[in-house]
Structure formats: structure tokens, C-alpha cells
Amino acid sequence: MSEGTIIVLFVVAGLLIGWFIHGRTSRTLTSIMRRLAAEKNGVLESGTFLKLPKLILSHRDKPMEISAASSGQEGSSPYTYAMFLDVESAGFEFRILPKSTQTVIGSALGFRKAVHTGHQALDERFSIYTNDEDALSELLSEPVQRELLGWVKKNRNRIQDIRNDDDKLMFCVDGTLSDTADFRQLIDGACLLYDAMTRVTEGRSLPPETSPE
């Protein structure tokens, strides 16, 4: 057998394995999302050969997309996300990442400086970045803190990335969720964060009060 034939066989085998895993994941997600679509009056978008199914919900008249994906980068891991679209940020940006060697070194070297929130449990477990510390302080209410720390206690599917950019708010957790209760927790957490962010940004979007003459 020639070297070229061996390479082709390896490529084909890899594609078949990938197709099998994708199909199994797609079927699992479809089953869970169909149940949640009926429960929450949502819409299920079927998966394709290249894309996993999506669940489309609405929260306070804002569309929310729930699905699973991978960054596509070498060594990247899959994640499950809930994403709000067309989110008003009023210039406020933030990002919440699990604390890691990479984030600690980056902050120490000044590449990207994590803020000190003043909440010990959060600061011990997360690297949090923002362009507005006052707005971040408002965002991190006690319910939001409890939600974030609740994922820390899990043995799997912990928070991978939470951020707002490009008019989107994303709440991502590690791995592909395979349990309906975990999906409900993800949806509830994303909705809680969206509501908290809305309260912050609405206050910053109001015109300044004018003094009476």
C-alpha cells in the first residue's frame, strides 16, 4: 500500500469518525431542544451536516439563540452557548473568563489587565475585564454573583466565556450539554445576566436631567 493511499485512508477515517460524532451530538441536542421549544414557546432550527441544531427563544422581546459550537482553533474544545442578539451596550463592555495561568500571566505582564471587583470569591475564580468599572460593579449584583459561582461548583460544563461585543451578549460553558436541566440553567443564567446588563445600560442611556429655570 502506497504512502498516498495510507494518507487518504486516514483522512477518510477521520471524516467518518467526525461525521458519526456530529450526528450523535446533533440527535441529542435535537431531542432536548425540541422539548425546550415546546416548553418555552421557542423555535427549533434543524441541524445540517456542518451545523448543529439551534433553539431560538425570546426573552423580553429579544431573540436568544442556544446551540453548541467550537472555536475551530487547534486544540479548542466544544462549548454550549446562549446568545442574545441586538443588545444595547451604551458603550459598556465586559468579559468574564475562568482564571487560568494564561490570564494571570497576561494580567501580570500588562497585556490585558483584569479588574479587582472587590468580591473575593469572584476574584479568586475569574479574570474579569471591562472598560467601565462602575458599570461592572452594578452588573455584578448578588444574584449574578450567585449564578456565576453556581457554575464553579459543577464538576463539568463550567463557564468558559461570558462577554458582550458586536451588539451580542454571550454566555458560554464548556462542552456540549446533554441534560435538559443544564440547558435550563444556561438559559436562566443568560437571561439573568441580560436583565442585569439592561438595567445598567438603560441608566447610562438616559439623557441628563436639566435643572429647572
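## Confidence of the model

Across the protein chain of this predicted model, the pLDDT averages 83, and 79% of the residues score at least 70. Confidence is lowest in helix H1, where the mean is 65, and highest in strand E2 (residues 54-59), which reaches 96. Over residues 8-22 the pLDDT falls below 50, and this stretch has seven contacts in the model beyond near neighbours in sequence.

## Salt bridges between distant parts of the sequence

Side chains of opposite charge can pair when their charged atoms come close. In this structure there are 10 salt bridges, among them the pair formed by Glu39 and Arg184, whose closest N and O atoms are 2.8 Å apart. Because Glu39 belongs to helix H1 (residues 3-40) and Arg184 to helix H6 (residues 180-205), this salt bridge ties together parts that lie 145 residues apart in sequence. Glu39 is partly exposed, with a relative accessible area of 40%, and Arg184 is likewise partly exposed, with a relative accessible area of 30%.

A further salt bridge joins Arg95 to Asp161, with the closest N and O atoms 2.7 Å apart. Here the partners come from strands, Arg95 from E5 (residues 94-98) and Asp161 from E7 (residues 159-165), so the pair ties together parts separated by 66 residues in sequence. Arg95 has a relative accessibility of 25% and therefore counts as partly exposed, whereas Asp161, at 5% relative accessibility, counts as buried, the cut-off for that class being under 20%.

## A network around Arg95 and Asp161

The salt bridge between Arg95 and Asp161 belongs to a network of salt bridges in which Arg95, Asp161, Arg163 and Asp165 are linked. Within this network, Arg95 is the partly exposed residue of strand E5 described above, while Asp161 is a buried residue of strand E7.

## A salt bridge within one helix

Glu142 and Arg146 also form a salt bridge, and their closest N and O atoms are 4.0 Å apart, a distance to be read against the cut-off, which requires the side-chain nitrogen to be within 4 Å of the carboxyl oxygen. The two residues stand four residues apart in helix H5 (residues 142-152), which means that about one helical turn separates Glu142 from Arg146. Both Glu142 and Arg146 are exposed, whereas Asp161, in the pair with Arg95, is buried.

Technical notes
Residues numbered from 1 in each chain as written. Predicted model: local features only at pLDDT ≥ 70, side-chain atom pairs only at ≥ 80, totals over all residues. Heavy atoms only, no water. Buried < 20%, exposed > 50% of the residue type's maximum accessible area, 1.4 Å probe, protein only. pLDDT = per-residue confidence, 0-100. Contact = heavy atoms within 4.5 Å.
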